[in-house]
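Open your viewer and get comfortable with rotating and selecting. Ready for a short walk through a protein?

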Amino acid sequence: MPFVGDSSNSSSNGVQPRTLVVDNYDSYTFNLLQLLLQQNQQQQQQQRAEASNVVTIRNDQYPWPTVRDEILPHIDNIVISPGPGTPGRAGDFGICDDLIRHAAESGVPLLGVCLGHQGIARVYGARIEQCAVPVHGQTTQVEHSSSGEEGRCIFAGVPSAFTAVRYHSLAVSDVGFPHTQLQVLARATGTVATMGSGGRIEQTGTSEIMAVRHRRLPIFGVQFHPESIASDHGARILANFTAITQVAMAKRPLSAASTRDIPRSVAEMSIISGTHSTDGCANDSNTGRPYSLVTAAVELHGVAAAGDGGEVDEIGRQLQQHLYGDDPMPIWLDSAKRGDAHSCQSVLASAASARGATVRYSLQTKQVTVLRFVAEQALGHPEVVATHAVDTTFWEWMQQTVDSTRVAEPPVPGFRCGWIGYFAYEMKTESPAGGGLAHRDRGRAGRRMALPDAQLSFVDRCVVVDHAHSPPRAHVFAVVSKEEAGQPSASNKDSRWIDTLGCASKEEADKWVAATVERIEQWREMAATSNRNHRQAEETDTETRMAAANALTVPLQPALPRKEYVAAIGRAKEYIAQGETYEVCLTNQFRIALPSRAHIRSARDALRLYTAMRTANPAPYGALLWYPDICAGVASCSPERFLRIAAEAEAEADADSDAEAEADAGGSYGNSRRRVVEMKPIKGTARRPARPLPGSSRGNMEEWRALDAQSARTLRESIKERAENLMIVDLIRHDLNAITGGRVQVPRLMEIESYKHVHQMVTTVEARLSGGGAGDVAALAQCFPPGSMTGAPKIRTVRLLEDDLENSAPRGVYSGCLGYFSANAGHADWSVVIRTAVVDSPDELSVGAGGALTILSNPDDEWAEVETKLCSVLPAVQQYVHSSRRE
């Protein structure tokens, strides 16, 4: 599959221009950068070399004199990005007015997109006004009347009518348009969706100005987004702008500063470096001697994964119960949805290990605490191994720690010991999306949370179930400590605890692996000979218990009652209408008080809760984490992958890799290998009709299938849901382009995936990380928090949520991410924490739910979507309460 914005029509002649891209704090800017980097793809196979042709800065990063005197002398053209707000507000447009005037005075070609386009028109006297119909994430027909040869017209070679994506609430007005200086090149035609007075989506005509040009100067503006995955001819338009620049360069005499290379001092001013890494978080293979790994595998032949037609994987559950059912601090990453293409592996382990460690981070104190749990004292106070004051960010600290805990064995897919845990949503304040937000006390809603802002445990031994293998296979792993050879690797004495991780000797690791293999083989024999009818009867009994539990109700206390939530929807839509944001992912927290008999005081209680959840709503990214010293944990049935990293040779997309990529992946093992990042945002949810009970008539089943298919079809064709998904897909592409320099593609766009209670619209986005680029933690930090849980543009929308729309309560672990960094270098897998019960105290748990808001959102429908998502968790909570019997 070609990369987004295939540049096959790009100009390959002439000198490649040096471009200044000005980012107006948008979430699509780096998609424009991708198109620019691809302009000379035919001349240069290594895109990293092209990064030297582009300098990207924020609109307020440097004062105008600095930009004018130090950057612009080395620039051949300028691109002004989209962004929230209005060009008439200095805080939204920064130095861009000055850049437009500079382009007019110097003759340097300039292209403005969306906000940049509006800014050009405003500088020349046009009025910017609110659209009669704001349009965000919708495709529309654009017609241009311009004609001209390449090198003179941005629409050269583009059909007179084409499809483009629009994200805007403001537009250039026809009233008072400065025709003597600007020419209208294109307009929108046809219709767009709007919310009618009755709360129903209607179609209305559209004719807004979509493109302008200066009548004498190479200054152009486009209102639509050529960089969107759903826009046609975006690469061609950018290639035309490059050709226009090359014509201008040929006419302009070279100054003393006009060398073909951008000086290093200028390149270092760019927010996107030549290696596409995040400052302080680059992949570092020089972290001392790696650990060694002891491995074994057991074929689970003869073991049934589930009863006939069962959706819930039973191998993982039974093996977890057999190996870790009585463990005081279990870790279980659970691919519970049988038959799902993404349910590939389950990780079974314990954090209660004398040779492991758990790190906890507090944003308030900026301190890392390293704890060690052992089985005998796990319910009491763990040993404090070390504390670290973080003077940068926890992401950077964790990157260094992950780099220091690598195994030496060749990489294979999946988890091979390493770090498992979560990052709470509030970790956004230390990620690039934080945008300078100061941390707020997480107890601002009047109740402090037990779970810290980030918590990860080093798993020194584990069992990994490979569900994709036939028959399923259980891998057993144990890490051998760096201490064994008497050669500690940690240069900092405060980090010597890292050298104590893992089994004390290879003999200890061999012994544990052999004993665990024996236990698995014993379980396999028992499971293979168990009565199949017993399993079917057990499934039927579970359905009966769930039906009885559904008759109960558990008290819910929302952070935002329905009236307040609906009011927040209204305010969010007003922000959208004003151009402050395009999409807002508004969420709500529902606290559930548990009766005394159902208090969650131990890992066994948490395991019963999670077992009920996975039975009611099996998902490919299920998880159970329990922390006994604070009586808190996470039980998640997430259907959404946030981010996965795999060495390119093992990634699913590798089948389409070219010979160069294969040669690169086949080199020596280490962090020089290229890695593939995969993200799978979910936006768009529809409730499935209630499935008939077993034994229902054939007619009832056929009627259900028809209704279910209609529900999926309605979701697939929904203009609103597709717009929601598209906005987040383009945002994710932007996040990944920041660290991959344009190696981003979308192999699957807006596909429907079905779960027990809902259909979901899912897109797959992939990118390639260079070996020396951003580390695994840095890649996660760049994309955090998940765009599907914020909206777009991410930075502005996060601030609106923080300051106004969700000011009542912190999100905590909900809508953060949960997963692992494998000790097997270049492998990580993280889910979005949704469809999750968070236990913050024995007598209470919380469930988060929300939805994406656009200008097309209907408040009643949005509240119904919240209820739909709650229904993925609440029946299991009710079943847990119903089955609890405390003395």
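Here is a tour with three stops: a helix, a pair of cores and a single residue. Keep in mind that this is a predicted model.

**Stop one: a helix**

Select residues 234-251, which form helix α6. How far apart are its end C-alpha atoms? The answer is 26 Å. That agrees with expectation, because 18 residues at 1.5 Å a residue should span 26 Å. Now show the rest of the structure again: α6 is largely enclosed by it, since 15 of the 18 residues of the helix are buried.

**Stop two: the nonpolar cores**

Next, select Val-359, Phe-394, Trp-419, Phe-423, Trp-497, Phe-642 and Phe-821. These residues have the most contacts inside the largest nonpolar core, which has 102 residues. Add helix α16 (residues 719-740), and you will have the element that gives this core its largest share, 9 residues. Another core, of 69 residues, lies apart from that one. To find this other core, select some of its members, including Ala-527, Leu-801, Val-839 and Leu-845.

**Stop three: one glutamine**

Finally, go to helix α5 (residues 115-123) and pick out Gln-118. Is Gln-118 buried or exposed? With 3% relative accessibility, Gln-118 counts as buried, because the cut-off for that is under 20%.

Which residues beyond its sequence neighbours within four places does Gln-118 contact? They are Pro-87, Ile-128, His-168, Leu-170, Ala-171, Val-172 and Gln-223. Zoom in on Leu-170: its backbone oxygen is 3.1 Å from a polar atom of the Gln-118 side chain. Then look at Gln-223, which is 105 residues from Gln-118 along the chain, although their C-alpha atoms are separated by 7.4 Å.

Methods
Residues are numbered from 1 along each chain as its sequence is written. This is a predicted model: local features need pLDDT of at least 70, side-chain atom pairs count only at pLDDT 80 or more; totals for chains, interfaces and linings use all residues. Side-chain values use heavy atoms; hydrogens and water are left out. Helices (H or I, at least four residues) and strands (E, at least two) are DSSP runs, numbered from the N terminus. The expected span of a helix is 1.5 Å times one less than its number of residues. Buried means under 20% relative accessible area, exposed over 50%, partly exposed in between (1.4 Å probe, protein chains only). A nonpolar core is a set of buried Ala, Val, Leu, Ile, Met, Phe, Trp, Tyr and Cys residues joined through side-chain atoms within 4.5 Å. Contact means heavy atoms within 4.5 Å. A polar contact is a pair of N or O atoms within 3.5 Å; within protein, one must be able to donate a hydrogen and the other to accept it, and residues adjacent in sequence count only if both atoms are side-chain atoms.
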